[in-house]
Amino acid sequence: MSNDKLRRDVLPIPNITPPGLTTYDAKDPDTKYPPITPLRPPKGAPNVLLVLIDDAGFGSSSAFGGPCETPNLEKLAGEGLRYNRFHTTALCSPTRAAFLTGRNHHTVGMGNITENATSAPGNSSIRPNTCAPLAEILKLNGYSTAQIGKCHEVPVWEVTPLGPFNAWPTGGGGFEYFYGFIGGETSQWFPALFEGTTAVEPAKTPEEGYHLTEDLAGKATKWIRQQKSLMPDKPFFMYFAPGATHAPHHVPKEWIDKYKGKFNQGWDKVREETFARQKKLGVIPKDCELTARHPQIPSWDSTSAEMKPVLARQMEVYAGFMSHTDHQIGRLIDALRDLEILDDTLIYVVIGDNGASAEGSLQGTFNEIVSITGYGHLETPEYFAARLDKFGGPEAYNHYAVGWAHAMDTPYQWTKQVASHFGGTRNGTIVHWPKGIKARGEVRSQFFHVIDVAPTVLEVAGLPEPTFVNGVMQKPIEGVSMAYTFNDGKAEERHQTQYFEMMGNRGIYHKGWTAVTRHRTPWQTGVVTTAFDDDVWELYDTNKDWSQAHNIVKEQPAKLAELQRLWMIEATKYNVLPLDDRMMERADPDVAGRPKLVRGNRQLLFGGMGRLTESSIVNYKNKSHAVTAEVVVPDAGAEGVIVAVGGNIGGWSLYAKEGKPKYCYNFYGLNQYYVEGSSKIPPGTHQVRMEFAYDGGGIAKGGAVTLYVDGKPVGTGRIEQTEPIVFSADETLDVGTENGSPVTTDYKRREFNGEVNWVEIDAGKDAENLDHLIKPEERFAVAMAMQ
């Protein structure tokens, strides 16, 4: 409870004018009013810094025995506490939504990532207004609030330059300042950045030394210094969530080179080495067993000799990425120390929002989109070998193999997405607060979950859980404060029951026992044919079997039945049902039941529009379509991008080069197909059009391209193969320029040197306009049809 007289259980705190004499003349000696007092939290409330690393398993960081050197995290843990039974939800958006609200992920509508949202309440990606986020609660109690880095909690239909911004960090998220990106991942070299709700571009290029994690650490440090300079008596709440170490694994080459040759022994040996270090460090018990590698995960010895250098390089890149991330966190910690506020700042570092990611396929990938969309066979050993030194650089969008993800989750089974087993959900966590924690370098082994952080922060800040926020009665916070363990390592465990569920993978923890079933394997993206009732359950007594190494279901079937019933009770209580294991189907908004921005087959865009995600563009893939633009060409001739989608790992661009129209289709970064006009676009206002006649016969086929200027054909060519689903997770459509990485290096300039008045994308049956022109009345009809 609050230690002051303010009514903090209702937020905003009601403004109550104290009764007293009201005088007629302010000069009257009896005129007395108390001075205006700025809102502050209760006395003693600390600064709060929550750090959430992305896609890092329990056995990745050296702070928990992993092979990736993280000296800053080690130092922080040495001055604070290591929590070795802290759990996440097994996936990104769900963990973040739970982390920021103190409620289970289905309670706040985030049963999956936002891109897979459905109309079911537990999977809608819409946080109920009955579950105010921690940042909003703290802000309304007098904290300064800022989020730096990744935000993957915005419904996909609201990720537009016009919002709505209710779910954005500075909209309804409770943060006064935001700098970062919206979505699951982004390039560290060419990020799609926002400051507040405004799209911004990186201050430098990769060639000039730009890297996103460095940029984020710089912005975080700058914000904290400014906050303490202007409001030194006001505590801050910062959520620092770099995109690292999520794929793509991007890091400067000098950080990769630190690990050259250090993973040639392979992932099986790395697991054994990590396991030994973990025991020595004391983050697992002496009697803990290393779980067996499942048959679905290949052994290192079974991999071909030609692939081993490629696979070793993938892990060198990841380790460099993790160490580089640690260095940037160190910069932030050093800033707190320099300001002499480190001791009075409660710091959480959760090393992973889920287990290490096995989404990079069994062989890893140079371009993650290739494998995600089902074309991993195009990346041959020869292809990898030719690009070995480019892994981690601006031309790559790389991810490591499943075997490395499994090794980074040592000593546990499975990986990210697998909510049934600790490899998907157990993440090493560090808590540092010298003013409030007397212990130094100790390990805490009580069971905790990501929903326990919010109530911990409220308790140490002396704040009550609010009953009303912005006029809406609140659901109770579902987590348990961890503060009782700060100075009592032997305290009895209070978080005794916790359900887990992700895409049908499910489990229940209760007083040390776990009943679990794995329904889906992360790297298998097809339709799951096993019925939920036919899933095979496993039973573990983690009071005796720390790592879930021994399935005792045959010995204790009654215990399994008891826990299965408990899972169903918890699932019903927290909005988990209905279970949903669909993947490709949920990508279709009509099937999933969520809103979509674009209706019909035609879309009209205007000059200056940009940073449009692929989900906000009319679907033109796997069909004939046309792109028409009205441009104003200067007397010097046309040059630059008219409209472009995607980037160097896949996309297309309609542009002008040396006055002539040109079209490039970039197929997964593997091939670039070009079609060039034979004549120049004259000065003045003209229409430039690209028509693509699809071959048909299924998805990802080729087709013929014809370029037109003012309805007259000026060039033809052919694209042999197209991408079927998505070009990128972060690259966007831009009119009159191209942000992010370039679709082609053929440009003389990226920004069009004249004006692009409008662009129309027509993916309808009548995409082949007989006049190859759009008349003014037709353009108006397109705009009306979009409503």
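This briefing goes through strands, aromatic rings, cysteines and buried parts of one protein model. The model is predicted. Its mean pLDDT is 95, and 97% of the residues reach 70 or more. One stretch falls outside that picture: over residues 783-787 pLDDT stays under 50. For residues 783-787 the model has 6 contacts beyond four places in sequence.

**Hairpins**

- Strand S24, residues 660-667, pairs with strand S25, residues 671-676, in the antiparallel sense over 6 bridges.
- Within this pairing, Cys 664 stands opposite Tyr 674 of S25.
- S24 and S25 form a hairpin with 3 residues between them. In the turn, Tyr 668 has a positive phi of about 55°.
- Strand S27 (residues 703-709) and strand S28 (residues 712-719) also run antiparallel, joined by 7 bridges.
- Gly 703 has Ile 719 in S28 as its bridge partner.
- The hairpin of S27 and S28 has 2 residues between the strands, and Asp 710 takes a positive phi near 55° there.

**A three-stranded sheet**

- An open sheet of 3 strands has the order S1-S14-S15, with mixed pairing.
- Its edge strands are S1 (10-11) and S15 (472-473), each of which pairs on one side only.
- Strand S14 (residues 468-469) pairs with S15 in the antiparallel sense over 2 bridges. Val 469 has Val 472 in S15 as its bridge partner.

**Aromatic rings**

- There are 32 aromatic pairs in the structure.
- Phe 99 and Tyr 239 make an edge-to-face pair, because their planes are at 65°, with the ring centres 5.9 Å apart.
- Phe 99 belongs to helix H2 (residues 92-101) and Tyr 239 to strand S9 (residues 236-241), so this pair ties together parts that are 140 residues apart in sequence.
- Phe 99 and Tyr 239 are both buried.
- Tyr 620 and Trp 652 also form an edge-to-face aromatic pair, at 6.1 Å centre to centre and with 80° between the planes.
- Tyr 620 lies in the loop between strand S20 (602-606) and strand S21 (625-633), while Trp 652 lies in strand S23 (residues 650-657), so the pair ties together parts that are 32 residues apart in sequence.
- Tyr 620 counts as buried because its relative accessibility is 5%. Trp 652 is buried as well, with a relative accessible area of 2%.
- Tyr 259, Phe 263, Trp 267, Trp 300 and Trp 404 are linked into a cluster by ring pairs.

**Charges over rings**

- Tyr 259, one of the residues in the cluster, has Lys 262 over its face, at 5.6 Å from the ring centre.
- Arg 494 has its charged end over the ring of Tyr 484, 3.9 Å from the centre of that ring.

**Cysteines**

- How many disulfides does a search of the whole structure find? The search finds 0.
- Cys 131 shows one reason for a missing bond: the closest cysteine sulfur, in Cys 151, is 17 Å from its own sulfur, which is too far for a bond.
- Cys 131 is buried, with a relative accessible area of 0%. Cys 664 is buried too, and its relative accessible area is 0%.

**Helix H12**

- Helix H12 (residues 453-460) is largely enclosed by the rest of the structure, because 7 of its 8 residues are buried.
- The buried residues in H12 are Val 453, Ala 454, Pro 455, Thr 456, Val 457, Leu 458 and Val 460.
- These buried residues pack against several elements, including helix H2, helix H3 (134-139), strand S2 (47-53) and strand S10 (345-351). H2 is also the helix that holds Phe 99.
- Gly 462, just after H12, takes a positive phi of about 70°.

**Ala 396 and its surroundings**

- Ala 396 is in the loop between helix H9 (381-386) and helix H10 (402-408).
- Is Ala 396 buried or exposed? It counts as buried, because its relative accessibility is 1%.
- Apart from neighbours within four places in sequence, Ala 396 is in contact with His 250, Phe 366, Lys 390 and Phe 391.
- Ala 396 and Ile 649 are 253 residues apart along the chain, and their C-alpha atoms are separated by 7.4 Å.

Key:
Residues are numbered from 1 along each chain as its sequence is written. This is a predicted model: local features need pLDDT of at least 70, side-chain atom pairs count only at pLDDT 80 or more; totals for chains, interfaces and linings use all residues. Side-chain values use heavy atoms; hydrogens and water are left out. Two strands pair if DSSP finds at least two bridges between them. Helices (H or I, at least four residues) and strands (E, at least two) are DSSP runs, numbered from the N terminus. Rings of Phe, Tyr and Trp (its six-membered ring) pair if their centres lie within 6.5 Å; planes under 30 degrees apart count as stacked, over 60 as edge-to-face and the rest as tilted. Buried means under 20% relative accessible area, exposed over 50%, partly exposed in between (1.4 Å probe, protein chains only). A charge sits over a ring if NZ of Lys or CZ of Arg is within 6 Å of the ring centre and within 35 degrees of the ring normal. A disulfide is a pair of cysteine sulfur atoms within 2.5 Å. pLDDT is the predictor's confidence in each residue, from 0 to 100. Contact means heavy atoms within 4.5 Å.
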